[in-house]
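Visitor: Please put the model up and take me through it piece by piece.

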Amino acid sequence: MLEDAARSLREFRELRARDALCVEGNELLSSTAAETFLAAYNMHGEYLSDAITLLTEISTLDDPCLAEPGQRATFPRLIEQLSDSFDPDYGLLYDRAFAQMIDITRRLPKAAALNAALLRFETGDARSLLLRKARLRDPGKLLTASARGGVRKVLVLSRVTIGADVAITSVVLHKTGRIFSNAERILIGPAKTVELFGGDPTLRFLPISYKSNGGLIDRLLNWLAVLDAVECEIAGLIEDAYVIIDPDSRLLQLGMLPVVKGDARYFFFESRRWEDTFNDPMGVNTAKWLGQTFGDEIAILPAVWLREADRRLGSDLVQRMRDSEGASATSRRQIAAISFGNGGNSAKRAPDPFESALLLRLLSSGVSVVLDKGYGEEEAQRADQLIAAAREKGYPVTVASETSAADITHTGAHGKAWMLVWQGGIGVWAGLIAASDEFIGYDSSGQHIAAALRVPLTDIFIEPSTAKFRSRWRPSGRGLIRIIDRASQSVDPHQLVEDVMRARATPDTKTE
């Protein structure tokens, strides 16, 4: 395998030198490099440095079309598999591979700003990055009660993705409000975090964009904005007056990139290597780590703090559905919030026609549906197909957004169930979930929002990476949580509809 990796790297470099690269060739080279890298480690414990070099060099090509195959093989295929495994050895393998990628990328002329920033922190090569990451694992770095009392600012880094911010970051925010009662709490992350947590007037937000769909260099350069934000916030403060809490944020590439010199006031929760014999959900483990680090053992569950306008609009729209023309005066219209979003991971989807079959089954049983149109072109297209399927069967459908919501009237026809499609921000979508009677969806952000809001939910796991992944990412909350777990190769879409309908009527917290 070592020789194969070296041969592939030579082949790529020869093609690049002759200006003979093509998308199809890069696709084959990239996918083979990722697969060979994992196979060599799993079978022989070998680290294929040439495979990582090849993935990095393809991912950083100037032509976006030629670079895209390398980025797909690097992130969804390799990096996510390593980080989602919750395997301690895979966590170390991720560190080694990503440190090598950073080391190669920083030497490119177009990454000069990245290299200059790294040199400020005396991280001149992959080895120094790995040594720093190892130091972060020191379990002895704790704060005494007197030290906590002197903290005036708590900087919390977002996990970037919505589901992880609800499941993990919300626990950090809640806990730090208890632990550092004299401190201002600042959340650094994407602007959408305001929609999840903006209802807490004690929080301040520093919006930072993260180009998750960008190339490798773009992802690494996101770090520079975080550096600027942190340096601005701690300027003029003595070291004892602030703490920085990183819950394994993608903003710092899972702890690989430094954000403050010395790291004495930087606390890193390495969630992917956290040892938990009980396989508790991520929110529970986050609370445990915070308790061990800062001394507060009170159990905290995930939460969202919605802005009043978002909660009210969601509630108003759902109430209009309940009051639709013809509904029985003695019966309460049942509303199900549904999201078929998958976070860009098609493996989380059930095979067709599951989504349309479930939607029509709910509507035919008299349940009105609030459907999230999702994020991105692919999810929007699938939502359009569901809209067409509902209309073909005669069910009224209304598409709502922030601008059109105020004009929506009761569109139900003679008491018939109908569908409201939400095309807008996550804040109002969370408000719609909060006002609904139940939530149904794949393993994605909606499940965590519903659990945090105590809305009964049916959570569908399709092809989880590992059993530990499913245990860690299952939603946690005080409401009713039903989990359906299926391997993708054995999913019968029509049987899965029956399983979901059965789970909805079952009070159990777990359905296999």
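**Helix packing, two sheets and a serine**

Visitor: How are helix 4 and helix 5 set relative to each other?
Guide: Helix 4 and helix 5 are oblique to each other, the class left over when angles under 35 degrees count as roughly parallel, over 145 as roughly antiparallel and 65 to 115 as roughly perpendicular. This is a predicted model, where local features need pLDDT of at least 70 and side-chain atom pairs pLDDT 80 or more, while totals for chains, interfaces and linings use all residues. Residues are numbered from 1 along each chain as its sequence is written, and side-chain values use heavy atoms, without hydrogens or water.

Visitor: What are the angle and axis distance there?
Guide: Helix 4 (residues 64-84) packs against helix 5 (residues 88-105) at about 140 degrees, and the axes are 8 Å apart. Axes are lines fitted to C-alpha atoms, for helices over the stretch in contact, and angles run from 0 to 180 degrees between N-to-C directions. Helices (H or I, at least four residues) and strands (E, at least two) are DSSP runs, numbered from the N terminus.

Visitor: Which residues make the contact?
Guide: Helix 4 contributes Thr74, Phe75, Ile79, Gln81 and Leu82, and helix 5 contributes Tyr90, Leu93, Tyr94, Phe98 and Met101; contact means heavy atoms within 4.5 Å. By type, the residues of this contact are eight nonpolar, two polar and no charged. Nonpolar covers Ala, Val, Leu, Ile, Met, Phe, Trp, Tyr, Cys and Pro, charged covers Asp, Glu, Lys and Arg, and the others, Gly among them, are polar.

Visitor: Sheets next. What is the strand order in the one with five strands?
Guide: That open sheet runs 3-2-1-4-5 with parallel pairing, where a pair needs at least two DSSP bridges. Strand 3 (203-207) and strand 5 (266-268) are at the edges with a single partner strand each, so one side of each has no neighbour in the sheet. On average, neighbouring strands are turned by 20 degrees against each other, direction ignored.

Visitor: How many bridges link strand 1 and strand 2?
Guide: Five, between residues 153-157 and 184-189, in the parallel sense. Leu157 has Ile188 of strand 2 as its bridge partner.

Visitor: What does helix 9 touch?
Guide: Helix 9 (residues 162-179) packs on the sheet against strand 1, strand 2, strand 3 and strand 4 (242-246), at about 165 degrees to strand 2. Helix 11 (residues 216-234) lies across strand 1, strand 2, strand 3 and strand 4 too, at about 170 degrees to strand 1.

Visitor: And the seven-strand sheet, what order does it have?
Guide: The order is 8-9-7-6-10-11-12, an open sheet with parallel pairing. Strand 8 and strand 12 (481-486) are the edges; each has a single partner strand, so one side of each lacks a neighbour in the sheet.

Visitor: Is strand 7 buried or exposed?
Guide: Five of the five residues of strand 7 (residues 368-372) are buried, so the strand is largely enclosed by the rest of the structure. Buried means under 20% relative accessible area, exposed over 50%, and partly exposed in between (1.4 Å probe, protein chains only). Ser368, Val370 and Asp372 cover one side, Val369 and Leu371 the other. Strand 6 (residues 335-339) joins strand 7 through four bridges, running parallel.

Visitor: Where is Ser401?
Guide: Ser401 is in the loop between strand 8 (397-400) and strand 9 (419-422). Ser401 is buried, at 17% relative accessible area. Beyond its neighbours within four places in sequence, Ser401 contacts Trp422 and Gln423.
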